[in-house]
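Please read the following as a walk through one protein chain, with the sequence and the model kept open alongside the text.

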Amino acid sequence: MSIEIIIHPQGATRENLVSLLRSFGFEPTESLRKWPAGSFCCHWFKADDFESFDGVEATVFSPTAEEQSKLGKCAWAVHTRTRYSASPADKEQQNLIIRTIRARYGGKFYNDWFGTNRY
């Protein structure tokens, strides 16, 4: 079980979103899931003082028309995931990323534990 949050920011470019994730310490990584061409997969992990248990996965991707019908139109969306065993710091980081993207670019997000626009 994990917590997945997907945000559809309005007006954000792929470069905006990749730059933002990198500024928060996300590093490029491989993903086991197949994402659309042009997607950027990354991972955040904070080893200091054992703050992270699993870290946060994030992917910038181009959503399908069906996905856009649920959360609104956007050129690029961000999918984040923390695993069941995530630490409080991991979950905090996931929420911080979503809050920051939403504050800068607007849009709606879906949290698979709490629903639409709920952290």
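Is Phe 50 buried or exposed? The model is a predicted one, and in it Phe 50 has a relative accessible area of 71%, which is over the 50% cut-off for exposed residues, so this phenylalanine counts as exposed. Phe 50 has its place in the loop between β3 and β4, and its phi is near 55°, a positive value in a residue other than glycine.

Asp 49 is found in the loop between β3 (40-44) and β4 (56-61), and its phi is likewise positive, near 55°, although Asp 49 is not a glycine. With a relative accessible area of 69%, Asp 49 is exposed. These backbone angles deserve a second look, because most residues other than glycine have a negative phi.

From this loop the reader may turn to the interior. The largest nonpolar core holds 22 residues, and those that touch the most other members are Leu 17, Leu 21, Phe 26, Val 60 and Ile 101. Two or more residues of this core come from each of the elements β1 (2-8), α1 (14-23), β3, β4 and α3 (88-105).

Ile 101 can serve as a point from which to trace contacts: when residues up to four places away in sequence are not counted, Ile 101 touches Ile 7, Pro 9, Leu 17, Leu 20, Val 78 and Gly 106. Apart from the largest core there is a second, separate one of five residues, which include Trp 35, Phe 61, Cys 74 and Ala 77.

Note on methods: Residues numbered from 1 in each chain as written. Predicted model: local features only at pLDDT ≥ 70, side-chain atom pairs only at ≥ 80, totals over all residues. Heavy atoms only, no water. Helix = DSSP H or I, 4+ residues; strand = E, 2+ residues; numbered from the N terminus. Buried < 20%, exposed > 50% of the residue type's maximum accessible area, 1.4 Å probe, protein only. Core = buried A, V, L, I, M, F, W, Y, C linked by side-chain atoms within 4.5 Å. Contact = heavy atoms within 4.5 Å.
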